[in-house]
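Me: Could you walk me through how the chains of this model sit together? I'd like to go one question at a time.

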There are 4 protein chains.
Amino acid sequence: MNARTDLALESVNAAKISEGITKTERGKAFKITEIKIAEDKHGEKIGKKKGRYITLEGSPLSNFSDEFKNMCTEFSEELSQFIPDGRVLAVGLGNNDITPDALGPQAAAKILATRHLREELGDEDEFLSGLRPVGVLASGVLGQTGIETAELIEGLMEKINPSAIIAIDALACSDVNRLGKTIQLSDAGISPGSGVQNKRHELSQDTLGVPVIAVGVPTVVDMHTIVEDYTGKAVNTDLPNMMVTPRDIDRLIERSAAMIAAGINMALHPQLSFEDIEAIMY
Amino acid sequence: MNARTDLALESVNAAKISEGITKTERGKAFKITEIKIAEDKHGEKIGKKKGRYITLEGSPLSNFSDEFKNMCTEFSEELSQFIPDGRVLAVGLGNNDITPDALGPQAAAKILATRHLREELGDEDEFLSGLRPVGVLASGVLGQTGIETAELIEGLMEKINPSAIIAIDALACSDVNRLGKTIQLSDAGISPGSGVQNKRHELSQDTLGVPVIAVGVPTVVDMHTIVEDYTGKAVNTDLPNMMVTPRDIDRLIERSAAMIAAGINMALHPQLSFEDIEAIMY
Amino acid sequence: MNARTDLALESVNAAKISEGITKTERGKAFKITEIKIAEDKHGEKIGKKKGRYITLEGSPLSNFSDEFKNMCTEFSEELSQFIPDGRVLAVGLGNNDITPDALGPQAAAKILATRHLREELGDEDEFLSGLRPVGVLASGVLGQTGIETAELIEGLMEKINPSAIIAIDALACSDVNRLGKTIQLSDAGISPGSGVQNKRHELSQDTLGVPVIAVGVPTVVDMHTIVEDYTGKAVNTDLPNMMVTPRDIDRLIERSAAMIAAGINMALHPQLSFEDIEAIMY
Amino acid sequence: MNARTDLALESVNAAKISEGITKTERGKAFKITEIKIAEDKHGEKIGKKKGRYITLEGSPLSNFSDEFKNMCTEFSEELSQFIPDGRVLAVGLGNNDITPDALGPQAAAKILATRHLREELGDEDEFLSGLRPVGVLASGVLGQTGIETAELIEGLMEKINPSAIIAIDALACSDVNRLGKTIQLSDAGISPGSGVQNKRHELSQDTLGVPVIAVGVPTVVDMHTIVEDYTGKAVNTDLPNMMVTPRDIDRLIERSAAMIAAGINMALHPQLSFEDIEAIMY
């Protein structure tokens with residue numbers, strides 16, 4: 001088991017496990033791999049719960065791409081499978097003051113909040129009032145707030161009564177070829193800060209009672225993992241280690257947050273065109 | 001009644017009311033006026049609930065001042081009267097993307113969150129574990145989140161179980177001489193966005209069950225009010241109107257947020273010196 | 001004479017002068033007024049040098065507008081008249097840390113710098129190498145740098161050898177109906193900080209030897225002027241005064257900087273479409 | 001020769017050269033190593049010109065340190081040796097929009113600009129008028145401006161007539177133990193972007209006619225170098241490579257820029273105390 005990745009694809013590959021695990025490939029704009037873990041016990045060895053884990057691999061998300069619309073669309077289609085009808089709560093996890101950890105807050109800032117429109121607009125604007133009700137939360141981190149993200153969400157469940165939660169977070173990976181080039185989607189929930197900080201309360205169907213769809217991009221890797229990835233040999237763990245992130249992390253966060261937010265907006269509001277969504281987001 | 005001020009002092013003066021209302025003056029670093037409204041009915045005419053409203057008036061909060069420490073200390077002493085023992089939840093209201101409305105989020109970012117320290121540190125660091133538990137929330141605004149601040153706080157009451165809430169918000173005033181020069185403190189609660197947007201759910205002891213201490217600085221005034229303030233005459237309300245803010249609003253927000261956060265930290269943690277608090281805040 | 005406006009239109013109207021001054025109107029997306037001052041002596045009374053001053057008035061530039069493309073195009077066409085063939089130096093004046101003064105730096109950040117492309121790309125990319133050479137400078141302010149903008153530009157004249165300079169700056173106005181709703185274009189040069197600070201060295205054809213095209217948006221107004229504008233009567237100048245700016249100044253700066261940069265890019269590179277320019281700017 | 005470091009200490013160590021090169025150690029708050037290269041020919045093999053290269057190594061500059069004042073003071077003392085009497089131009093190199101490259105602009109923003117004070121204040125404030133005249137420039141990068149930093153500075157030489165230039169830039173290193181923990185000082189000048197981009201025009205006494213004192217902190221390292229540093233073996237250069245930076249790069253830039261600016265301010269204005277300088281900087 002390799003503890004230093006949040007990507008199920010990497011854990012499954014590294015551990016060479018197969019019992020109760022299936023792998024399917026597809027995709028155009030991205031190379032898409034879907035891993036299905038049948039039961040918790042099958043994923044135990046790699047610390048992954050049962051569920052579907054979809055990895056979209058492509059070119060660096062920090063670069064401008066002519067394929068942007070196609071990438072957003074394909075991501076949005078993959079995401080749509082997981083989203084039931086009804087109200088949704090979108091949560092951006094992570095720390096906006098630490099660039100490699102700011103994916104969640106930056107994406108949340110571009111997700112359309114619509115939950116208040118029905119009450120505010122009523123019959124005045126039937127189109128806007130008819131949009132699926134979405135609440136958006138950027139949660140801050142425990143050290144800054146003294147409040148766990150799980151507590152914030154639990155406190156809102158009764159009020160918002162969502163049929164699903166979408167949680168966006170920055171991830172760690174172990175293969176440097178996936179750093180900044182990959183989106184992972186999963187219905188198995190998330191533990192905020194699992195990749196980069198102490199374990200926090202889990203956000204999952206078990207703890208919140210509704211599906212928790214996790215969306216993430218690997219933005220960090222540690223130096224030992226880099227060395228192992230290049231050499232295929234383990235590093236003496238007594239040697240100092242450090243989490244690093246690509247030099248162009250500012251653009252990576254900006255562009256991948258834009259792609260994820262666009263894809264989420266498309267999946268939540270299929271009646272809006274890509275162009276409508278772009279116009280509203282900027 | 002003048003609807004265009006959030007300062008009780010201005011409303012009371014403008015309406016020339018006195019029944020059930022007392023006014024006391026004190027202060028060194030600031031000119032401090034305390035207004036006490038005995039019952040809701042006494043403040044009805046000016047739209048203010050019963051409670052204590054303390055106004056601290058001084059030189060422009062946007063300027064560097066040699067008196068900074070004294071001002072923080074005096075503000076902190078006034079605030080201390082309102083704060084019971086026990087856990088506190090501090091909430092920054094307003095929109096961080098609109099500079100004149102960013103006082104709440106900016107101040108919240110400098111308030112020490114300590115609620116998690118006891119569990120995280122335990123006996124490791126008795127000093128830090130011994131600090132009063134404080135949770136901090138910067139709430140976002142309804143249009144960005146689809147979630148009312150009141151809903152967020154209500155959802156947290158059971159989990160945090162605070163003995164008081166401190167809510168920081170930017171205010172409107174009617175006397176341009178108070179714009180950017182005044183702090184108002186009150187135990188009468190607050191309606192987020194009352195000064196500058198649509199009415200939202202009230203945050204008060206009535207709605208939340210614990211004292212809600214409101215702290216604010218007037219950062220906006222409307223043009224009609226400016227004209228009335230200079231000329232003493234009402235403006236034809238058919239003429240266009242516009243909310244404005246001082247040209248040096250960036251510095252006003254930065255420095256007044258620092259003063260308010262320092263004063264709150266001092267009031268909540270009297271065992272810390274001003275210098276300790278400055279060092280932690282930066 | 002009214003010293004508190006940078007708009008020639010307002011000065012001419014207020015002073016009711018006409019000798020040597022012509023006024024023409026046109027425009028679709030904007031109401032456009034062109035004022036021509038024949039000789040320096042004709043504009044002396046209002047502190048304006050000879051030259052053409054074009055004012056584009058419309059709806060609030062801070063609002064999203066369906067007319068954005070048309071407004072950019074019309075502004076770009078007006079600007080094109082002033083721009084000779086050859087190299088251009090674009091300069092953003094003002095202070096990026098003071099939101100109402102950040103128009104220049106924010107617009108400069110979105111102007112395409114192309115001067116280095118010919119040398120860097122050569123025959124590799126004939127299209128990019130064929131673009132008009134443009135250098136871009138965001139100058140900072142004297143108090144932060146100890147260096148006058150005029151010094152910086154003079155130092156570059158020999159190296160860049162531009163055939164014209166475009167200087168973008170935030171302005172003051174006297175009619176609150178023009179605040180945040182107007183663009184002024186002029187070939188009469190500019191004195192950095194004239195609207196809001198001490199007089200600085202002039203940037204003009206006289207001082208730099210090439211046309212200096214000034215582009216600005218009024219973002220501030222002082223309180224005395226507001227009162228005079230509403231009441232038609234002078235304010236006792238002994239009363240305190242203060243520069244103010246609209247509450248939505250962040251959006252005003254963001255959107256007007258985007259419009260001005262788009263218009264400048266279109267005027268400098270007519271071979272690029274509006275859509276190309278939008279794509280490069282974001 | 002190892003091209004992937006900007007630290008002379010690392011190049012000298014790696015190349016095991018000694019002819020014409022001396023090494024001295026000292027320091028309290030930092031471990032300080034001074035390397036002196038007698039003639040250009042002695043440093044040719046490692047791509048370093050003749051001059052003095054001082055490396056200050058310590059704990060992570062991104063962490064809060066009780067030793068901050070001592071570290072600033074020791075850095076300031078080392079810097080003082082290089083600074084002649086008279087006017088100084090300080091230049092922040094790099095790109096403020098790319099966090100690991102923002103050291104120069106961030107430090108420049110905290111260096112006191114005093115060159116204009118004499119003219120502005122005259123006899124009004126003899127203390128401020130008596131400060132050494134300092135001009136400050138944050139240069140932007142060629143791709144954003146189309147203007148080489150060297151051109152900007154050359155254009156100002158005649159106007160400012162400085163007796164020395166201080167140039168601050170982010171660096172690359174090859175030993176991960178120095179990443180974010182080291183300051184390099186040198187009188188051998190600098191080539192902007194040498195660590196992380198294409199070669200640009202050199203800034204040095206040869207090109208500008210006055211001493212150019214370079215100050216830098218290593219903020220990036222490439223993955224191949226990490227692997228070689230851990231394993232002692234060369235990486236197949238056909239394998240993909242990537243520049244990376246520590247996960248806490250935001251704090252590293254903020255705190256190291258503050259230390260460098262404080263040290264520069266202390267060295268330029270010895271009549272000001274550390275406390276005075278701290279007060280002015282914030």
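Me: How many residues does the contact take from chain D and from chain C?
Reply: Keep in mind that this is a predicted model. Chain D and chain C touch, and the area they bury between them is about 1,800 Å², with 55% of it on carbon and sulfur atoms. As for the count, the contact draws on 23 residues from chain D and 23 residues from chain C.

Me: Which residues in chain D lose the most area to chain C?
Reply: Three residues stand out here, and together they make up 24% of what the chain D side buries. They are D:Ile147, D:Glu151 and D:Lys159.

Me: How far apart are the closest N and O atoms in the salt bridge of C:Arg115 and D:Glu151?
Reply: Four salt bridges turn up across the interface of chain D and chain C. The cut-off for a salt bridge is 4 Å between the nitrogen and the carboxyl oxygen. For C:Arg115 and D:Glu151, the closest N and O atoms are 2.7 Å apart.

Me: How many residue pairs are in polar contact across that interface, and which element of chain D gives the most to the side that touches chain C?
Reply: There are eight residue pairs in polar contact across the interface of chain D and chain C, counting pairs with both residues at pLDDT 80 or more. On the chain D side, β5 (134-138), α7 (142-145) and α8 (149-160) each supply at least two residues. The biggest giver, with seven residues, is α8(D).

Me: How do the residues on the side of chain D that touches chain C divide into nonpolar, polar and charged?
Reply: Sort the residues of chain D that touch chain C by type, and you get three groups. The split is ten nonpolar, seven polar and six charged.

Me: What kind of axis relates chain D and chain C?
Reply: Chain D can be laid on chain C by a turn of 180° with a shift of 0.0 Å along the axis, and the RMSD is 0.0 Å. The two copies are therefore related as by a two-fold rotation axis.

Me: Which residue of chain D comes closest to that rotation axis?
Reply: Both copies use the same surface, with 100% of the contact residues of chain D recurring in chain C. Going by C-alpha position, the residue of chain D closest to the axis lies 1.9 Å from it, and that's D:Gly155.

Me: How far apart are the nearest C-alpha atoms of chain A and chain C?
Reply: Some chains here don't meet: no contact joins chain B and chain D, for one. Chain A and chain C do not touch either, and their nearest C-alpha atoms are 10 Å apart.

Me: Is D:Pro100 buried or exposed?
Reply: D:Pro100 lies in the loop between β4 (88-92) and α4 (103-108) of chain D. Beyond its sequence neighbours within four places, D:Pro100 is in contact with residues including A:Arg247, A:Asp250 and D:Ile253. Its relative accessibility is 2%, and the cut-off is under 20%, so D:Pro100 counts as buried.

Me: Which residue has its backbone nitrogen 3.1 Å from a polar atom of the side chain of C:Asp101?
Reply: C:Asp101 lies in the loop between β4 (88-92) and α4 (103-108) of chain C. At 3% relative accessibility, C:Asp101 counts as buried. The backbone nitrogen 3.1 Å from a polar atom of its side chain belongs to C:Asn95.

Key:
Residues are numbered from 1 along each chain as its sequence is written. Chains are lettered from A and ligands numbered from 1 in the order in which they are written. This is a predicted model: local features need pLDDT of at least 70, side-chain atom pairs count only at pLDDT 80 or more; totals for chains, interfaces and linings use all residues. Side-chain values use heavy atoms; hydrogens and water are left out. Contact means heavy atoms within 4.5 Å. Buried area is the accessible area (1.4 Å probe) that two parts lose on being put together, summed over both. A salt bridge is a side-chain nitrogen of Lys or Arg within 4 Å of a carboxyl oxygen of Asp or Glu. A polar contact is a pair of N or O atoms within 3.5 Å; within protein, one must be able to donate a hydrogen and the other to accept it, and residues adjacent in sequence count only if both atoms are side-chain atoms. Helices (H or I, at least four residues) and strands (E, at least two) are DSSP runs, numbered from the N terminus. Ala, Val, Leu, Ile, Met, Phe, Trp, Tyr, Cys and Pro count as nonpolar, Asp, Glu, Lys and Arg as charged, and the others, Gly among them, as polar. Copies are superposed by least squares on the C-alpha atoms of residues with pLDDT of at least 70 in both. Buried means under 20% relative accessible area, exposed over 50%, partly exposed in between (1.4 Å probe, protein chains only).
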